[in-house]
Amino acid sequence: MNPSLLNITPELTASVADKTQAARTLLAEIARDFPPVTFANSLGAEDMVLTDLIVEAKLPIEIFSLDTGRLPLETYDLIAAVDKHYGLKLKIYFPQAEEVEAFVRNHGINGFYDSVTLRKACCHARKVEPLKRALAGKRAWITGLRAQQAATRTGLPLREYDEGNGLEKFNPLADWTEKEVWAYIKQNGVPYNALHEKFYPSIGCAPCTRAISPGEDIRAGRWWWENPESKECGLHVKG
Ligand code: SF4
């Protein structure tokens, strides 16, 4: 969906108000009951909503992002815009240089196009390993996942136990629609990635993300050469 074309109806305003209140309540409960808690801000539209809710409520929730080294320029601009808008410094985690160097030496700079196995190996070095460091010592983490985003996310709960990382995982926007996310962003003047205006509803690394056509699945532009069932980067593995 192109956010510029969003029509904010009274019904949409009402549903956003209800879900915003529910998300505020849940976030406050998570901060109270599961310290230390961290929010994995992937810089997507949903994550901008959560950033706004966490910062505005001054909740003691750390906010971090992963810089894979292959992000689009627009995403770096968004990191700078978020820092400026909210007066904070997003905590950025980078990959371990040795892991990335080994991948590139063995498989080439764009080796991730050659097979699902190599794509997942690149995602592991650039995303999964840094995520594990970011989650170390935390009791809970928060994500901006929504159930409607992908075939791999159907039935996504608000709360689940993350077996792989050994802590609670909360998805406060699990039941939000794409329109509700954008209505919140527009109504609250929240910064967002300029690529969303260019038919990029879901944005990851530059070489693994492309624009979609009207009517296509919102994650069709991510790893577009793979089957929908394999399209996760390993950050969100079902237990
Ligand atoms: S999305 Fe692409 S470039 Fe980014 S870590 Fe995964 S395979 Fe590598």
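Which residue of β3 does Leu66 stand opposite? In this predicted model, Leu66 stands opposite Tyr93 in β3. This pair offers a way into the sheet, which is described here strand by strand before the report turns to the helices.

**The sheet as a whole**

Six strands form an open sheet, and their order is β3-β2-β1-β4-β6-β5. The pairing in this sheet is mixed. Because β3 and β5 stand at the edges with a single partner strand each, one side of each is left without a neighbour in the sheet. On average, neighbouring strands of this sheet are turned by 30° against each other, direction ignored. Strands of a sheet pair through backbone hydrogen bonds, and the pairing is either parallel or antiparallel.

The table lists four strand pairs with their bridges and directions.

| Strand pair | Residues | Bridges | Direction |
|---|---|---|---|
| β1 and β2 | 37–40 and 62–66 | three | parallel |
| β2 and β3 | β3: 91–93 | three | parallel |
| β4 and β6 | 140–142 and 167–170 | three | parallel |
| β5 and β6 | β5: 159–162 | four | antiparallel |

**From β1 to β3**

Strand β1 runs parallel to β2, and within this pair Phe39 stands opposite Ile63 in β2. To pass from β1 to β2, the chain goes through helix α2, residues 45–56, and this β-α-β crossover is right-handed. The chain then crosses from β2 to β3 through helix α3, residues 73–86, in a β-α-β crossover that is also right-handed. Between β2 and β3, Leu66 faces Tyr93, and the bridge partner of Phe64 in β3 is Lys91.

**From β4 to β5**

On the β4 side of β6, Ala140 has Glu168 as its bridge partner. Strand β6 also pairs with β5, in an antiparallel manner. Here Asp162 stands opposite Leu167 in β6. The hairpin of β5 and β6 has four residues between the strands. In this hairpin, Gly166 takes a positive phi near 70°.

**Helix α6 and its two contacts**

Helix α6 comprises residues 178–188 and packs with α2 at an angle of about 50°. The axes of α2 and α6 are 9 Å apart. Angles from 65 to 115 degrees count as roughly perpendicular, those under 35 as roughly parallel and those over 145 as roughly antiparallel, with the rest oblique; α2 and α6 are therefore oblique to each other. The crossing in which α2 passes α6 is left-handed. On the α2 side, the contact is made by Ala45, Glu46, Met48, Val49 and Asp52, which meet Val181, Trp182, Tyr184, Ile185 and Asn188 in α6. The residues of this contact divide into seven nonpolar, one polar and two charged.

Helix α6 also meets helix α1, which spans residues 10–33. The axes of α1 and α6 come within 9 Å and cross at roughly 85°, and these two helices are therefore roughly perpendicular to each other. In this contact, Leu12, Thr13, Ser15, Val16, Lys19 and Thr20 in α1 meet Lys179, Glu180, Ala183 and Tyr184 in α6. The residues here divide into four nonpolar, three polar and three charged. Tyr184 takes part in the contact with α2 and in the contact with α1.

Conventions
Residues numbered from 1 in each chain as written. Predicted model: local features only at pLDDT ≥ 70, side-chain atom pairs only at ≥ 80, totals over all residues. Pairing = 2+ DSSP bridges. Right-handed = clockwise from strand over helix to strand, strands pointing away. Axes fitted to C-alpha atoms, helices over the stretch in contact; angles between N-to-C directions. Left-handed = near helix turned anticlockwise from the far one by under 90°. Contact = placed C-beta atoms within 7 Å. Nonpolar A, V, L, I, M, F, W, Y, C, P; charged D, E, K, R; others polar.
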